[in-house]
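Please open the model in your viewer and keep the sequence panel beside it, since this tour moves from one selection to the next. At each stop, make the selection first and then read on.

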Amino acid sequence: MDMIDIKDQQWNRKLEYINEGRGGYVVYKDALGDIRLFFEYGGGPCVAIIYVPTIEEWTVKTKRPVVDRNSILIFVAEQAIKDKAPKSYYELSDTCIEIFTKENSYTNAVYQKRS
């Protein structure tokens, strides 16, 4: 399959979710096709972890240029938060997107148990 430059296409981006219990898939969709990213629910203040191909793996696994990686991953992180965890923030690393809650309920529960 030839790699297609996403800048020449209309984005029409969206996410779909496949839940399989403790995890599943976040499916990024645009005019060029789908990218399936495995996710699992986190613990404590971590709501979820979405695993992503590294920079070295990106083109082979997604058929997309590396130059588009950051834009796609930021879209995935921000849209997942809008859709599933509105009071959250994300941290992006080379291998995953971690979504954390901003709410103090977890922190308050931990301190109450220690008292």
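In what order do the elements of the protein run from the N terminus on? Colour the chain by secondary structure and follow it along: the order is β-β-β-β-α-α-β-β-α, which gives 3 helices and 6 strands in the protein. Please keep in mind throughout that this is a predicted model. Buried residues make up 35% of the 115 residues, and among the contacts between residues at least 6 apart in sequence, 42% join residues at least 24 apart.

**The sheet**

Select the strands next, and hide everything else for a moment. The 6 strands form an open sheet in the order β1-β2-β3-β4-β6-β5, with antiparallel pairing. At the edges you will find β1 and β5 (88–92), each of which pairs on one side only, and from one strand to the next the twist averages 25 degrees. As a general point, strands of a sheet pair through backbone hydrogen bonds, either parallel or antiparallel.

Now zoom in on residues 14–19, which are strand β1, and on its antiparallel partner β2, to which 6 bridges connect it. Within this pair, I18 stands opposite Y25 in β2, while N19 stands opposite G24 in β2. The hairpin of β1 and β2 has 3 residues between the strands, and there G21 takes a positive phi near 90 degrees.

Move on to β2 (23–30) and β3 (33–41), which run antiparallel and are joined by 8 bridges. The hairpin that joins β2 to β3 passes through 2 residues, and if you select G24 once more, you will find F39 of β3 opposite it. Is β2 largely enclosed or largely open? Since 6 of its 8 residues are buried, β2 is largely enclosed by the rest of the structure.

Carry on to strand β4, residues 46–51, which pairs with β3 in the antiparallel sense over 3 bridges. To see one facing pair here, select E40 together with I49 of β4, which stand opposite each other.

**The helix across the sheet**

Bring the helices back and select residues 69–84, which form helix α2. This helix lies across β1, β2, β3, β4, β5 and β6, and runs at about 65 degrees to β1. If you would like to check its length yourself, 16 residues at 1.5 Å a residue should span 22 Å, and the end C-alpha atoms of α2 are indeed 22 Å apart, so the two values agree.

Which residues of α2 are buried? They are R69, I72, L73, F75, V76, A77, Q79, A80 and I81. By contrast, I74 in the same helix counts as partly exposed because its relative accessibility is 27%. Measure from its C-alpha to that of I97, and you should find 8.9 Å in space, although the two residues are 23 apart in sequence.

**The nonpolar core**

Select L15, Y28, I50, V76, I97 and I99, which touch the most other members of the largest nonpolar core, a group of 19 residues. At least two residues of this core come from each of β2, β3, α2 and β6 (96–101), and the largest share, 7 residues, comes from α2. Centre the view on I97: setting aside residues up to four places away in sequence, I97 touches A48, I49, I50, V52, L73, V76, A77, Y90, E91 and L92.

**A buried arginine**

Return to helix α2 and select R69, which counts as buried because its relative accessibility is 8%, under the cut-off of 20%. What does the side chain of R69 reach at 2.9 Å? It reaches the backbone oxygen of P53, and a polar atom of the R69 side chain also lies 2.9 Å from the backbone oxygen of D94. Beyond neighbours within four places in sequence, R69 is in contact with V52, P53, T54, I55, W58, S93 and D94.

**A last stop in a loop**

Finally, select K63, placed in the loop between α1 (55–62) and α2. K63 counts as partly exposed because its relative accessibility is 33%. Most residues other than glycine have a negative phi. The phi of K63, however, is positive, near 60 degrees, and K63 is a residue other than glycine.

Methods
Residues are numbered from 1 along each chain as its sequence is written. This is a predicted model: local features need pLDDT of at least 70, side-chain atom pairs count only at pLDDT 80 or more; totals for chains, interfaces and linings use all residues. Side-chain values use heavy atoms; hydrogens and water are left out. Helices (H or I, at least four residues) and strands (E, at least two) are DSSP runs, numbered from the N terminus. Buried means under 20% relative accessible area, exposed over 50%, partly exposed in between (1.4 Å probe, protein chains only). A nonpolar core is a set of buried Ala, Val, Leu, Ile, Met, Phe, Trp, Tyr and Cys residues joined through side-chain atoms within 4.5 Å. Contact means heavy atoms within 4.5 Å. A polar contact is a pair of N or O atoms within 3.5 Å; within protein, one must be able to donate a hydrogen and the other to accept it, and residues adjacent in sequence count only if both atoms are side-chain atoms. Two strands pair if DSSP finds at least two bridges between them. The expected span of a helix is 1.5 Å times one less than its number of residues. Axes are lines fitted to C-alpha atoms, for helices over the stretch in contact, and angles run from 0 to 180 degrees between N-to-C directions.
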